[in-house]
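User: I would like to go through this structure term by term, asking each time what justifies the word that is used.

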Amino acid sequence: MLTAPAANPDPLILRAHPATPCPAVARLTVALGAVPGVHGPVLHLRYVLQGDLAALRWPAPAFPGAADGLWRHTCFEVFIGAPEAPTEMPGTPDAPAYREFNFAPNGQWASYAFRAERERDARIERAAPVRPLRMACQRQGDTFTLTATLPAAAWPAPAHTCRLGLSAVIETQDGALACFALTHPREAPDFHHRAGWTAPAPEPAESVHRTATHPV
């Protein structure tokens, strides 16, 4: 059994893009943690949204599992890859790969592989699919919490060389979508822009609850 390490005492704050304000959200944060795995660190994410939850639109109940198009409604995201491409020409062979994961409040998730900015790598997705080890959601009062655990295979390169782009799409009852991220490097929301991937990979730490090595 592998239990997530204690939450980061200083969670990272996600802010709405100026073009998509969302007054219903008072605060949105992400805490990161990691524990060692056989093939690399196992990544834990804890998203905490506080605000007027009744003013938000939540995805309809669904069978938990893989699904596409989650970003069209409320979902929480992470991008994992090198902080900068070695070339400014997208699509060139030496452009580093990256991964994207989406987590919906109804238990659905999505996992994507990219060879360059917004260029899906279907071969890698078929040959080396990556799915969350676990997801959990909790709603209490004005607070919604989603936790997700990703295996070592989620890292497209050695973890210490990667940066994380943490983001969320929040839908309000009128159908408007607000885009939250650590930082917004472009005039329009763009979670794929590497300049917005500012979170370093968390240092793996042994959990006091860790009783066995997870084979990931």
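The exchange below takes up the confidence, the fold, the cores, the empty spaces and a few single residues.

User: What kind of model is this, and how are its residues numbered and its side chains treated?

Analyst: This is a predicted model, in which local features need pLDDT of at least 70 and side-chain atom pairs count only at pLDDT 80 or more, while totals for chains, interfaces and linings use all residues. Residues are numbered from 1 along each chain as its sequence is written, and side-chain values use heavy atoms, with hydrogens and water left out.

User: How do you know which stretches should not be read in detail?

Analyst: The guide is pLDDT, the predictor's confidence in each residue, from 0 to 100. The protein chain has a mean pLDDT of 88, and 86% of its residues reach 70 or more. Over residues 1–8, however, the pLDDT is below 50, although this stretch has 23 contacts in the model beyond near neighbours in sequence, a contact being heavy atoms within 4.5 Å. Residues 207–216 also have a pLDDT below 50, with 26 such contacts beyond near neighbours in sequence. Where pLDDT is low, the predicted coordinates should not be read in detail.

User: What makes up the fold, in terms of helices and strands?

Analyst: The protein chain has one helix and 14 strands, where helices (H or I, at least four residues) and strands (E, at least two) are DSSP runs numbered from the N terminus. Among its contacts between residues at least 6 apart in sequence, 66% join residues at least 24 apart.

User: Why is Val 35 called buried, and Arg 118 partly exposed?

Analyst: Buried means under 20% relative accessible area, exposed over 50%, and partly exposed in between, with a 1.4 Å probe and protein chains only. Val 35, in strand β3, has a relative accessible area of 0% and is therefore buried, whereas Arg 118, at 49%, is therefore partly exposed. Of the 216 residues of the protein chain, 48% count as buried.

User: What makes a group of residues a nonpolar core?

Analyst: The term requires buried Ala, Val, Leu, Ile, Met, Phe, Trp, Tyr and Cys residues joined through side-chain atoms within 4.5 Å. The largest such core has 37 residues, of which Val 78, Ile 80, Leu 164 and Leu 166 touch the most other members. Among the elements that give it two or more residues are β3 (25–35), β6 (75–81) and β12 (163–171). A second, separate core of 13 residues includes Cys 75, Tyr 112, Cys 179 and Phe 191. Leaving aside neighbours within four places in sequence, Val 78 is in contact with ten residues' worth of surroundings that include Leu 45, Phe 101, Leu 150 and Leu 164.User: Why is one empty space called a pocket and another a cavity?

Analyst: On a 1 Å grid over the protein atoms alone, a cavity is a set of points where a 1.4 Å probe fits but cannot get out, whereas a pocket is an open set with protein on both sides within 12 Å along at least five of seven lines, and lining residues have an atom within 4 Å of a point. The largest pocket holds about 420 Å³ of space, and the count comes to one cavity of 30 Å³ or more. The largest cavity has a volume of about 60 Å³. For these volumes, grid points are joined across faces, edges and corners, and the space is that filled by probe spheres set on the points.

User: What lines the largest pocket and the largest cavity?

Analyst: The largest pocket is lined by 17 residues, of which Trp 71, Glu 77, Arg 118, Phe 191 and His 192 lie nearest its centre. By class, its lining has nine nonpolar, two polar and six charged residues, where Ala, Val, Leu, Ile, Met, Phe, Trp, Tyr, Cys and Pro count as nonpolar, Asp, Glu, Lys and Arg as charged, and the others, Gly among them, as polar. The lining of the largest cavity includes Gly 165, Asp 190, Phe 191 and Trp 197, and divides into five nonpolar, five polar and one charged. Its largest share, three residues, comes from β12.

User: What makes the phi of Arg 118 worth remarking on?

Analyst: Most residues other than glycine have a negative phi, and most peptide bonds are trans. Arg 118 has a positive phi of about 65 degrees although it is not a glycine, and its place is in the loop between β8 and β9 (119–120).

User: How do you know that Ala 152 is buried, and where does it lie?

Analyst: Ala 152 has a relative accessible area of 7%, and is therefore buried; its place is in the loop between β11 and β12. Ala 152 and Pro 36 are 116 residues apart in sequence and 8.8 Å apart in space, C-alpha to C-alpha.
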